[in-house]
Structure formats: C-alpha cells, structure tokens
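Reader: Could you take me through one part of this model up close? I'd like to zoom in on a single helix and see how the rest of the chain relates to that part.

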Amino acid sequence: MSWWCAASTKPWTWSPQIYVGIWLLMGATLLAYFGGASKARSAGWFTTSRKQKTLFTVGILVLWGASDWPLGTLGAGYLASAHMAQFILYTMAGSVLMLVAIIGLSWLHHAATGQYSFDLLKLYALDIGLGELKHPTKA
C-alpha cells in the first residue's frame with residue numbers, strides 16, 4: 001500500500017496495489033459535490049437532478065479507474081501508452097461527465113438557438129476579460 005502511484009524500479013506484477021491518496025481524493029470530491037448539492041437544495045438555490053448526480057459519480061469513477069491500479073501503475077512507470085490512455089480518460093471522459101453534471105447541457109441549447117441568458121453572458125465577459133492571461137507570452 002502506498003500513497004500515490006509513482007514510477008518504480010520494481011518489475012511489473014499483477015498483484016493489486018492500493019493507493020490511499022487516490023481513494024481519499026475521489027471520496028472527498030464526491031462528498032464535496034453531494035454535500036454542496038444538499039446544502040444548495042436546502043437553501044433553495046437550486047436542485048440537482050438524479051441524472052446530474054449519476055453523471056458526476058460516473059465521472060469520478062472514470063477518474064478513479066484511470067488513476068488507480070492497474071492503469072495508474074502502468075502509466076506511472078511502465079508504459080507510455082497507458083499514460084496517454086490515462087490522460088485521454090481524464091480529459092475526454094471524466095472531466096466532461098463532471099462538467100455536464102455541474103452545468104448541465106443548457107449551454108448547448110443556448111448556443112444552438114442563439115438565446116443567451118444573463119449567466120452565460122457573464123461567463124462570456126469573464127472569458128473575454130481573462131483572454132490576455134490565456135497567452136503566456138502576453139501574461
């Protein structure tokens with residue numbers, strides 16, 4: 001048992017390894033999401049649908065699967081292709097599922113119809129304001 005997966009000089013074995021840090025991080029993320037959703041519902045700010053909760057949980061499971069044994073161990077020190085598979089799962093699956101669970105798909109409807117809400121305009125204005133910081137040569 002170790003804290004996090006890292007490159008190792010040991011030969012590869014198929015014996016499972018437990019990474020405590022990954023389990024704690026994924027558990028803390030789920031607790032924060034469900035705790036925040038519960039607090040927001042009780043305060044009357046907004047409600048989180050069952051679909052959103054399921055998508056977020058599946059996103060966390062994808063991140064956990066890509067970070068933990070065996071893919072995490074293989075990617076950390078044995079196979080570059082496993083490492084690339086990790087990052088594809090992080091960026092193309094896990095983070096997208098969590099983002100859709102948090103903000104929903106309303107932005108797609110607004111983009112398709114051209115009807116933008118005030119919140120989307122605020123996000124767009126923030127994006128324009130931070131545009132200069134996106135380019136490291138200017139920042």
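Author: Sure, let's start with the backdrop. Buried residues account for 22% of the 139 residues in the protein. Keep in mind that this is a predicted model. The protein has 6 helices and 0 strands, so to speak an α-α-α-α-α-α run from the N terminus on. It exposes about 9,800 Å², and carbon and sulfur atoms supply 71% of that area. Take the contacts between residues at least 6 apart in sequence: 57% of them join residues at least 24 apart.

Now for the close-up, which is helix α1, residues 20–43. With 24 residues at 1.5 Å a residue, α1 should span 34 Å, and its end C-alpha atoms are indeed 34 Å apart, so the expected and modelled spans agree. Right after α1 comes G44, with a positive phi near 85°. As background, most residues other than glycine have a negative phi.

Which residues of α1 are buried? They are G21, I22, M26, Y33, A37 and A40. What covers them includes α2 (50–67) and α4. Several of these names come back in the largest nonpolar core, which has 10 residues in all: C5, Y19, I22, M26, Y33, F56, I60, L63, M98 and A101. Helices α1, α2 and α4 each supply at least two residues of this core. That fits a general pattern: in soluble globular proteins, nonpolar side chains tend to be buried together.

L25 is also found in helix α1, but L25 isn't on the buried list. Its relative accessible area is 44%, and because buried means under 20% and exposed over 50%, L25 counts as partly exposed. Across from the helix, so to speak, you can pair L25 with I60: 35 residues separate them in sequence, and their C-alpha atoms are 9.9 Å apart in space. I60 is itself one of the core residues.

Step back to the segment before α1, where I18 sits. I18 is partly exposed, with a relative accessible area of 48%. From C-alpha to C-alpha, I18 and D68 are 7.6 Å apart in space, though 50 residues apart in sequence. A6 lies in the segment before α1 too, and A6 is exposed, at a relative accessible area of 53%. Its C-alpha atom is separated by 7.0 Å from that of T73, 67 residues away along the chain.

While you're in that region of the sequence, look at the loop between α2 and α3 (71–77), where P70 lies. W69 and P70 are joined by a cis peptide bond, with omega about 0°. In general, most peptide bonds are trans.

Last, follow the chain to helix α4 (residues 80–103), one of the elements covering the buried residues of α1. M98 and A101 are among the core residues, while L99, I102 and I103 form a nonpolar patch on the surface, with about 290 Å² of accessible area together. I103 is found in α4, and I103 is partly exposed, with a relative accessible area of 45%.

Methods:
Residues numbered from 1 in each chain as written. Predicted model: local features only at pLDDT ≥ 70, side-chain atom pairs only at ≥ 80, totals over all residues. Heavy atoms only, no water. Patch = residues over 30% accessible without salt bridge, like charges linked within 9 Å, V, L, I, M, F, W, Y side chains within 5 Å. Areas by Shrake-Rupley, 256 points an atom, 1.4 Å probe, with all protein chains shown as cover. Salt bridge = Lys/Arg side-chain N within 4 Å of Asp/Glu carboxyl O. Helix = DSSP H or I, 4+ residues; strand = E, 2+ residues; numbered from the N terminus. Buried < 20%, exposed > 50% of the residue type's maximum accessible area, 1.4 Å probe, protein only. Expected span 1.5 Å × (residues − 1). Contact = heavy atoms within 4.5 Å. Core = buried A, V, L, I, M, F, W, Y, C linked by side-chain atoms within 4.5 Å.
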